[in-house]
Amino acid sequence: MGSGRPLHCHRCICRGGRNACPSCATSWDAPILCRRRRAHCCVCRSLRRPCCVWRAGLTRHPSGRLRRRLTPALAVKSMQINFYMADEDRRAFHDYLFSRGAYLAPDRWSTQNIPLVKTHSDDLNGSRKLKIFKSDLFPESHFQDPAWVTWHAPTEKFVVHGPGIEYLVSFTDANNIHRGRLYMGLVSPSSFVSLGQSLTGAYAQHQESYRALENFYKSCVRYIRKNYRKDSAGFYHGEASDTALTSSELVKVQA
């Protein structure tokens, strides 16, 4: 009954090749793969604890029987876009963010009073790793709440736990232009729950907020794709960054 091709167990902790569910010994004729390309059993109850953020649904087996399968339900997606920006490009992009009710904050900070960037005049002392927050989804007042701002011992800095889009700033120095990135792969409905609070019901309670943030991320991506040039490697170049590269000997750096 098995496909004859080694398949992975439906559990993350098991990577051994097999063509039968280790929990109920059911063989797979047409296993369903999650985003991590691991097969899930379509019969036993163990599929209720899948290896990624999927939920159980019903589908029809080729034999005609109804079986459970895993369907995407607000899964944590690896959503990112990479780009190069010169000063003029970055200023225009920040204007776009501010005009839509967003603000910036450093990913980590040495004191509990984490600065917020709402205008071009705000200074972050050269911080490059930022997060983009929406005021209507994560109010600035949360930065004064110890449930959201905690001490991170390994880096000896304070960190904010909240639904923020990761933003690696692209910048130029004397010799190089450094790649930037927007990344939303670590945000989920649970990001709207502060530390110490129960995650029970987080999906249902914060589903709309997550979708609103996801739509905002997509609007930022559309802005970059519309106004920037895409190179053969899939990176986007702002007009000012292209000018800087052609008029000088700057080298593109992906770090």
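The paragraphs below lead through a predicted model, taking its strands before its helices.

A convenient place to begin is strand E10, which spans residues 129-134 and is mostly covered, with 5 of its 6 residues buried. Strand E10 has pairing partners that can be followed in turn. Strand E8, made up of residues 102-106, pairs with E10 in the antiparallel sense over 5 bridges, and within this pairing alanine 105 stands opposite lysine 131 of E10. Strand E13, residues 165-168, also pairs with E10 in the antiparallel sense, here over 4 bridges, and leucine 168 in E13 is the bridge partner of lysine 129. In general, the strands of a sheet pair through backbone hydrogen bonds, in either a parallel or an antiparallel manner.

An open sheet is formed by 3 strands in the order E9-E12-E11, and its pairing is antiparallel. Its edge strands are E9 (108-109) and E11 (149-152), each of which pairs on one side only. Between E11 and strand E12, which covers residues 157-160, the antiparallel pairing runs over 4 bridges, and histidine 152 stands opposite lysine 157 in E12.

Turning to the helices, H1 and H2 pack at an angle of about 150°, and their axes lie 11 Å apart. Because angles over 145 degrees count as roughly antiparallel, that angle makes H1 roughly antiparallel to H2. The crossing in which H1 passes H2 is right-handed. On the H1 side, Ala92, Phe93, Tyr96 and Leu97 meet Phe216, Ser219, Cys220, Tyr223 and Ile224 of H2, and by class this contact has 8 nonpolar residues, 1 polar residue and no charged ones.

Helix H2 covers residues 202-227, and alanine 202 has its place there. Is alanine 202 buried or exposed? Alanine 202 counts as buried because its relative accessibility is 7%, whereas the limit for that class is under 20%. Once its neighbours within four places in sequence are left aside, alanine 202 is in contact with Pro189, Ser190, Val193 and Gln207. Phenylalanine 192, which is 10 residues from alanine 202 in sequence, is 7.9 Å from it in space, taken from C-alpha to C-alpha.

Helix H3, residues 239-247, also has buried residues, namely Ala240, Ser241, Asp242 and Ala244. What covers the buried residues of H3 includes helix H1 (87-99) together with the strands E7 (80-84), E15 (176-178), E17 (229-230) and E18 (236-237). Helix H1 thus appears twice in this account, in the packing with H2 and in the cover over H3.

Notes
Residues numbered from 1 in each chain as written. Predicted model: local features only at pLDDT ≥ 70, side-chain atom pairs only at ≥ 80, totals over all residues. Heavy atoms only, no water. Buried < 20%, exposed > 50% of the residue type's maximum accessible area, 1.4 Å probe, protein only. Helix = DSSP H or I, 4+ residues; strand = E, 2+ residues; numbered from the N terminus. Pairing = 2+ DSSP bridges. Contact = heavy atoms within 4.5 Å. Axes fitted to C-alpha atoms, helices over the stretch in contact; angles between N-to-C directions. Parallel < 35°, antiparallel > 145°, perpendicular 65-115°, else oblique. Left-handed = near helix turned anticlockwise from the far one by under 90°. Nonpolar A, V, L, I, M, F, W, Y, C, P; charged D, E, K, R; others polar.
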